Amino acid sequence: MLLEQQGLLPKKQRELFSFHSHNQESFLSRMTPSFFDQDIAFLSDAGMPCVSDPGSALVRYAQDHQIPYEVLLGGSAVVLAHAYSGFGDHGFVFDGFLPTKSAERQERFAFWRDVLPHRGISLIVFESPHRLRESLEDLGRIDENCYVFAIKEMTKKFETSFCGFASEILDSLDQGKILGEWVLVLRFSSKEDERKLGKVDILQADLPPKLKAKLLAKITGDETKEWYQKLMEQR
């Protein structure tokens with residue numbers, strides 16, 4: 001493209017088509033496999049195609065009709081948020097966008113809370129700015145000790161992130177309009193583990209220092225800031 005702009009290569013004739021979740025089935029039904037004998041590229045205006053974005057139907061079409069295709073690595077908010085969170089390298093589960101209804105969100109949170117803590121695996125979900133507060137409130141109802149890393153606009157000018165329990169993030173959010181789609185990385189607590197968890201267990205656990213400090217403060221009665229400072233001095 002740069003060489004074309006500089007006039008070093010002739011410009012190619014390109015035809016653009018809209019292809020999204022609302023029209024993909026009808027679009028493909030009108031196409032014949034011969035359409036793909038030419039050079040075809042599917043691009044997303046944001047995010048990675050096929051990851052909570054359209055594209056999977058196009059891949060299935062190519063597979064069904066033995067059409068060769070190639071996927072080029074693109075930006076993935078899921079992997080990037082996992083790295084940003086610092087929640088360790090024990091892996092994660094990605095569950096796409098959260099349900100729009102409160103009862104369904106709480107049911108989803110409850111399911112993952114009961115499944116994930118025993119494996120040390122984080123849950124990563126997407127949430128719109130319109131429901132971010134409600135989702136954090138629902139999360140707090142299901143697991144008030146769930147540790148959350150919330151981030152939006154990664155690598156961009158208005159990148160914003162918060163780390164803490166759901167109630168703390170709610171307190172940190174501006175009371176005004178929340179802009180941008182968010183990625184939430186969740187590390188659920190376990191009631192069974194909480195009963196067995198002691199000071200030595202927490203100190204040896206592979207947890208972010210802030211989370212360690214909060215847990216240590218809960219079981220010792222000391223200030224979270226004091227524990228955090230001690231942990232930083234030990235690093």
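**From an exposed lysine to the cores and ring pairs**

Lys 101 counts as exposed, because its relative accessibility is 54%, and exposed here requires a value over 50%. The residue belongs to a predicted model, in which Lys 101 has its place in the loop between strand 1 (92–97) and helix 5. Although Lys 101 and Ser 135 are 34 residues apart along the chain, their C-alpha atoms are separated by 9.3 Å.

Ser 135 also appears in the surroundings of another residue, Arg 105, which is found in helix 5. Is Arg 105 buried or exposed? Its relative accessible area is 3%, so Arg 105 is buried, the limit for that class being under 20%. When residues up to four places away in sequence are not counted, Arg 105 touches Leu 98, Pro 99 and Thr 100, and also Glu 127, Arg 131, Glu 134, Ser 135 and Asp 138. With Asp 138 there is in addition a polar contact between the two side chains, at 2.9 Å.

From these individual residues one can step back to the chain as a whole. The protein chain has 235 residues, of which 34% count as buried, and it is built with 11 helices and 5 strands. Its exposed area is about 15,200 Å², and carbon and sulfur atoms supply 52% of that area. If one takes the contacts between residues at least 6 apart in sequence, 64% of them join residues that are at least 24 apart.

The buried nonpolar residues can be followed next. The largest nonpolar core has 23 residues, and the members that touch the most other members are Leu 136, Leu 139, Val 148, Leu 186 and Phe 188. Two or more residues of this core are given by each of helix 5 (102–115), strand 2 (122–127), helix 6 (132–142), strand 3 (147–152), helix 7 (166–172) and strand 5 (182–187). Which element gives the largest share of this core? That share, 4 residues, comes from helix 6. The contacts of Phe 188, once its neighbours within four places in sequence are left aside, include Phe 109, Trp 112, Arg 113, Leu 116 and Pro 117; Leu 123, Leu 139, Asp 143 and Cys 146 are also in contact with Phe 188. A second core, separate from this one, has 13 residues, among them Ile 124, Phe 126, Met 154 and Val 185.

The loop that leads into strand 5 offers another view of how parts of the chain meet. Gly 180 has its place in the loop between helix 7 and strand 5, and its C-alpha atom is separated by 7.1 Å from that of Ser 128, a residue 52 residues apart from Gly 180 along the chain. Apart from its neighbours within four places in sequence, Gly 180 is in contact with Pro 129, Lys 152 and Glu 153.

The aromatic rings deserve a separate passage. A pair of aromatic rings is described by the distance of the centres and the angle of the planes. The count of aromatic pairs comes to 12. In one of them, Phe 19 and Phe 42 have ring centres 5.4 Å apart and planes at 80 degrees, so the pair is edge-to-face, a term that applies to planes over 60 degrees apart. Phe 19 lies in the loop between helix 1 (2–5) and helix 2 (24–30), whereas Phe 42 lies in the loop between helix 2 and helix 3 (56–64), so the pair ties together parts that are 23 residues apart in sequence. Phe 19 is buried, with a relative accessible area of 12%, while Phe 42, at 26% relative accessibility, counts as partly exposed.

A further edge-to-face pair is made by Tyr 147 and Phe 165, whose ring centres are 5.6 Å apart and whose planes stand at 85 degrees. Because Tyr 147 lies in strand 3 and Phe 165 in strand 4 (residues 160–165), this pair ties together parts that are 18 residues apart in sequence. Tyr 147 and Phe 165 are both buried.

Phe 19 and Phe 42 also take part in one aromatic cluster, together with Phe 17, Phe 27, Phe 35, Phe 36 and Tyr 61. Phe 19 is in turn among the contacts of Gln 24, a residue that lies in helix 2; leaving aside neighbours within four places in sequence, Gln 24 is in contact with Phe 19, Pro 54, Gly 55 and Ala 57. Gln 24 counts as buried, at 13% relative accessibility. Elsewhere, an aromatic ring meets a lysine: Lys 230 lies over the face of Trp 227, at 4.7 Å from the ring centre.

Conventions. Residues are numbered from 1 along each chain as its sequence is written. This is a predicted model: local features need pLDDT of at least 70, side-chain atom pairs count only at pLDDT 80 or more; totals for chains, interfaces and linings use all residues. Side-chain values use heavy atoms; hydrogens and water are left out. Buried means under 20% relative accessible area, exposed over 50%, partly exposed in between (1.4 Å probe, protein chains only). Contact means heavy atoms within 4.5 Å. Accessible areas come from the Shrake-Rupley method with a 1.4 Å probe; for residues, only the protein chains shown count as cover. A nonpolar core is a set of buried Ala, Val, Leu, Ile, Met, Phe, Trp, Tyr and Cys residues joined through side-chain atoms within 4.5 Å. A polar contact is a pair of N or O atoms within 3.5 Å; within protein, one must be able to donate a hydrogen and the other to accept it, and residues adjacent in sequence count only if both atoms are side-chain atoms. Rings of Phe, Tyr and Trp (its six-membered ring) pair if their centres lie within 6.5 Å; planes under 30 degrees apart count as stacked, over 60 as edge-to-face and the rest as tilted. A charge sits over a ring if NZ of Lys or CZ of Arg is within 6 Å of the ring centre and within 35 degrees of the ring normal.
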